[in-house]
Protein chains: 2
Amino acid sequence: MNIYKGILDHVAKYVELSDSETEEFISILKTTRVKKRQFIIQPGFVSEYRNYIVEGAVRVFYLDDLGKEHTVIIAIEDWFFTDFYSYIHRTSAEYYAEALEDSLILQMKYEDVEELCSRIHSLCQYFRLFTERSMAHSYKRTISNISKTTEERYWEYVNKYPQIANRVPQYVLASYLGISPESISRIRSGNKKN
Amino acid sequence: MNIYKGILDHVAKYVELSDSETEEFISILKTTRVKKRQFIIQPGFVSEYRNYIVEGAVRVFYLDDLGKEHTVIIAIEDWFFTDFYSYIHRTSAEYYAEALEDSLILQMKYEDVEELCSRIHSLCQYFRLFTERSMAHSYKRTISNISKTTEERYWEYVNKYPQIANRVPQYVLASYLGISPESISRIRSGNKKN
DNA sequence: AAAAAAGCTTGACCTATATCAAGAACTAAA
DNA sequence: TTTAGTTCTTGATATAGGTCAAGCTTTTTT
């Protein structure tokens, strides 16, 4: 099976590419395999790529002054991840991206994406439309973070992404939701809401 | 003074528009004046526009089941606001946008923006680049929300946006930072207790 | 198959911050 | 200038959920 199928379907949800455009797009994709626990992005280095997951799972997290991890993205197949700020501003990353499983990812370099977007209108449209949708989604998360209790946030996530919740370690989920692992443990054992 | 200067400068930070493109862009801008406390977006109605503030201040907030307000955007001159999810998906808004002062705003209808973007490559680029930057910024806020104490978040905001902090009511700032107004009051007075 | 990591659970305790209440100090309107 | 409506402050009290510690279970490595 073609490893590009997923990402091309993703693009096709927003725009139609001609054969030559498709070819150009594929030509900037770099295939990379990473092993579980391997870092793909690290503070101190610029996050050069937008990364698309073909197979596997990755999390992006921030390590604060006290050594606590705060997960900002949990990504599986057909998701993108990067340290967006570092990627766009060409500054040193602030986050780690760590493979949660052996994964196969497709990487697009910043310069290549920019070059293609400046030349190919439909690809520019694709990234615009897709980023706008991510943006809309990000507001939903902000609301959830500031207006829900820990328990509500936990069940909301589990209901929305049951397959992810079962796939990643609990402490990763905890650090994504801003809850202590102990509290998640208690929520799970105590209240059996759905 | 030209009311379009601000928004055109904003565009010019990302792309160059020809005279005819500039004209087309201006042609989709609708000038609207709103009075203090007036709602620009309301649940139950689709958020039709991207709104740019020429003069004034606006907040976007969410009203939860318990009647508590959660501010997601505090916007002043040269900022954009909308209920992004509603705007993009053409669904009923979930948020209120309320003028904090008498304001002058420029509004762009979704259909008009899409039409222009599909026709004018440089405008598509503008919205793409600008949205990507907003996105990068939004991650910073997520981190702040989940990794900082209330006091750190308060001082971080005041240092970053001193002019806004002094301009909007304290309870608005409180609901933006996810802190109770009482706690902000105590933080300001330097009282470390309670 | 052991040994070593990594991950999860449970109980006891504790603290940061919310909530409630009531009055003071602004601001806008009559 | 008085009045009514907001907004801010301060004190008392409550509690959600974090931290610590220790042991248990599952997964990974040798």
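Here are three short exercises on a predicted model with a chain A and a chain B.

**Exercise 1.** Work out how many residues each chain puts into the contact, and how much area the two chains bury.

*Solution.* Start with the residues: chain A brings 41 and chain B brings 41. Next comes the area, which is about 3800 Å² buried between the two chains. Carbon and sulfur atoms carry 66% of that.

**Exercise 2.** Find the salt bridges between the chains, then see which element of chain A gives the most to the side touching chain B.

*Solution.* First, the count across the interface is four salt bridges. One of them joins A:Arg50 to B:Glu132, with the closest N and O atoms 2.2 Å apart. That pair passes, because the cut-off is 4 Å. Now look at chain A's side: β5 (69-76), α3 (84-89), α4 (110-119) and α5 (121-147) each give two or more residues. The top giver is α5(A), with 21 residues. Sorted by class, this side of chain A has 18 nonpolar, 13 polar and 10 charged residues.

**Exercise 3.** Describe the largest pocket and the second largest pocket, giving the space in each and the helix with the largest share of each lining.

*Solution.* Take the largest pocket to begin with: it holds about 1100 Å³ of space. Its lining has 41 residues, and those closest to the centre include B:Trp79, B:Ser134 and B:His137. The largest share, 12 residues, is from α5(B).

Move on to the second largest pocket, with about 810 Å³. Among the residues closest to its centre are A:Trp79, A:Phe130 and A:His137. Here α5(A) has the largest share of the lining, seven residues.

Methods:
Residues numbered from 1 in each chain as written. Chains lettered and ligands numbered in written order. Predicted model: local features only at pLDDT ≥ 70, side-chain atom pairs only at ≥ 80, totals over all residues. Heavy atoms only, no water. Contact = heavy atoms within 4.5 Å. Buried area = accessible area lost by both parts, 1.4 Å probe. Salt bridge = Lys/Arg side-chain N within 4 Å of Asp/Glu carboxyl O. Helix = DSSP H or I, 4+ residues; strand = E, 2+ residues; numbered from the N terminus. Nonpolar A, V, L, I, M, F, W, Y, C, P; charged D, E, K, R; others polar. 1 Å grid on protein atoms, 1.4 Å probe; cavity = no way out; pocket = protein on both sides within 12 Å on 5 of 7 lines; lining within 4 Å. Points joined across faces, edges and corners; volume = space filled by probe spheres on them.
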